[in-house]
Amino acid sequence: LNECFEQDGIMAPFAVLVLLCYNIQIKTHLGEVTTEEDFAKSKQLLQWASERFPESAVFGFWQTELHATRTEIQEASACVEKVFEVLVHLKLPAIDSFLEQKKALLSLGALDWHSAALGFERSLEVSVARQRRSYVPTLSYL
């Protein structure tokens, strides 16, 4: 994957996504320690991506995840807002609901209870408006 990224060919963005996913999330779930080297590499990959795909919601999401993993809540919140701005015009209810939940979770991390509650309510409203009630009971406990 690193070699694919370094060659900067047509598959490089996909290699970057897999490397980001591994460094930021998968290692933790495998019980491995995410090192400062991993964070530095992820930052380098995201810099590469932002130069080539400045309005990418996918890379923006991974920037959010990197900040959240490093407990940089304000930066993560700003990133998720940018992702929301990029995607909002598409009117994709599942994505809207997911992003509202992400914003609410980041508000919890910032101890902003009011914003968190409003975010979870907005997420629920998306599901109810689309008559998708599967998340409603789960999220109502939050």
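**An all-helix chain, starting from Val-16**

Let me begin with one residue: if we set aside the neighbours within four places in sequence, Val-16 touches Phe-5, Leu-45, Trp-48 and Phe-59. Please keep in mind throughout that what we are looking at is a predicted model.

Those contacts lead us into the interior, where Val-16, together with Leu-20, Leu-45 and Trp-48, has the most contacts inside the largest nonpolar core, a set of 14 residues. Helix H2, which covers 12–29, gives two or more residues to this core, as do H3 and H4. There is also a second core, separate from that one, which has nine residues, among them Ile-73, Ala-76, Leu-99 and Leu-106.

Let me now step back to the whole chain. What secondary structure does the chain contain? There are eight helices and zero strands, so that, by the way these elements are defined, the pattern along the sequence reads α-α-α-α-α-α-α-α. The C-alpha trace spans about 45 × 30 × 25 Å along its principal axes, and of the 142 residues in the chain, 37% count as buried. If we take the contacts with a separation of 6 or more, 44% of them come from residues 24 or more positions apart.

One helix deserves a closer look, and that is H6, residues 93–109. How far apart should the ends of helix H6 be? With 17 residues at 1.5 Å a residue, helix H6 should span 24 Å, and because its end C-alpha atoms are 24 Å apart in the model, the expectation and the model agree. The buried residues of H6 include Leu-99 and Leu-106, as well as charged ones by name such as Asp-96, Glu-100, Lys-102 and Lys-103. Leu-99 and Leu-106 are the residues we just met in the second core. Just after H6, Leu-111 takes a positive phi of about 60 degrees.

Finally, I would like to turn to the surface openings, where the largest pocket holds about 320 Å³ of space. Of the 15 residues that line this pocket, Ser-50, Pro-54, Ser-56, Gly-60 and Lys-82 are the closest to its centre. Which helices supply at least two residues each to the lining of the largest pocket? They are helix H3 (36–52), helix H4 (57–69) and helix H5 (73–87), and two of these, H3 and H4, also give two or more residues to the largest nonpolar core. As for its character, the lining divides into eight nonpolar, five polar and two charged residues.

Terms used:
Residues are numbered from 1 along each chain as its sequence is written. This is a predicted model: local features need pLDDT of at least 70, side-chain atom pairs count only at pLDDT 80 or more; totals for chains, interfaces and linings use all residues. Side-chain values use heavy atoms; hydrogens and water are left out. Helices (H or I, at least four residues) and strands (E, at least two) are DSSP runs, numbered from the N terminus. The expected span of a helix is 1.5 Å times one less than its number of residues. Buried means under 20% relative accessible area, exposed over 50%, partly exposed in between (1.4 Å probe, protein chains only). On a 1 Å grid over the protein atoms alone, a cavity is a set of points where a 1.4 Å probe fits but cannot get out, and a pocket is an open set with protein on both sides within 12 Å along at least five of seven lines; lining residues have an atom within 4 Å of a point. Grid points are joined across faces, edges and corners, and a volume is the space filled by probe spheres set on the points. A nonpolar core is a set of buried Ala, Val, Leu, Ile, Met, Phe, Trp, Tyr and Cys residues joined through side-chain atoms within 4.5 Å. Contact means heavy atoms within 4.5 Å.
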